[in-house]
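I opened my notebook to look up a few places in this structure. My entries follow the order in which I checked them.

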Amino acid sequence: MPQEEKEKIKIKPLCRNIGEVIALNGIIFLIKGLWSGFENHWFAAAMLVWLTVAGLDFWYITKSNRYHS
């Protein structure tokens, strides 16, 4: 990425946002590993919800001015 583009991005809030999405995914997998009652259909539903949230977050990042200097 060229330096001009890097200077247009507020990297700390963007990293925090992406980190929260990754942490949410980690929590889902942790629950799957620790709780035997979290059956495959619940896990699949949780992953579908996570994919939806991640997609909406991506859309928000691209449309929002929050991450631009």
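The entries below cover a predicted model.

Entry one, the start of the chain. I looked up Glu7 and found it in helix H1, which spans residues 3–7. I then asked whether Glu7 is buried or exposed. Its relative accessible area is 53%, so I noted Glu7 as exposed, the cut-off for that word being over 50%. I also checked Glu7 against His68: the two are 61 residues apart along the chain, and their C-alpha atoms are separated by 8.8 Å.

Entry two, helix H2. I placed Leu34 in this helix, which covers residues 11–34. Leu34 has a relative accessibility of 69% and therefore counts as exposed. I next asked which residues make the nonpolar surface patch. I listed Ile27, Leu30, Ile31, Leu34 and Trp35, and wrote down an area of about 540 Å² for the patch.

Entry three, the segment after H3. I found Ser64 in this segment, and Arg66 is also in the segment after helix H3 (40–63). I recorded Ser64 as buried because its relative accessibility is 13%, and buried means under 20%. What does the side chain of Ser64 reach? I traced it to the backbone nitrogen of Arg66, at 2.9 Å.

Entry four, charge. I came back to Arg66 and found it in a patch of positive charge on the surface. The residues I noted with Arg66 in that patch are Lys10, Lys12 and Arg16.

Technical notes
Residues are numbered from 1 along each chain as its sequence is written. This is a predicted model: local features need pLDDT of at least 70, side-chain atom pairs count only at pLDDT 80 or more; totals for chains, interfaces and linings use all residues. Side-chain values use heavy atoms; hydrogens and water are left out. Patches are made of residues with over 30% relative accessible area and no salt bridge: like charges are joined within 9 Å, nonpolar side chains (Val, Leu, Ile, Met, Phe, Trp, Tyr) within 5 Å. Accessible areas come from the Shrake-Rupley method with a 1.4 Å probe; for residues, only the protein chains shown count as cover. A salt bridge is a side-chain nitrogen of Lys or Arg within 4 Å of a carboxyl oxygen of Asp or Glu. Lys and Arg count as positive and Asp and Glu as negative; His and the chain ends are not counted. The place of a charge is taken as NZ of Lys, CZ of Arg, CG of Asp or CD of Glu. Helices (H or I, at least four residues) and strands (E, at least two) are DSSP runs, numbered from the N terminus. Buried means under 20% relative accessible area, exposed over 50%, partly exposed in between (1.4 Å probe, protein chains only). A polar contact is a pair of N or O atoms within 3.5 Å; within protein, one must be able to donate a hydrogen and the other to accept it, and residues adjacent in sequence count only if both atoms are side-chain atoms.
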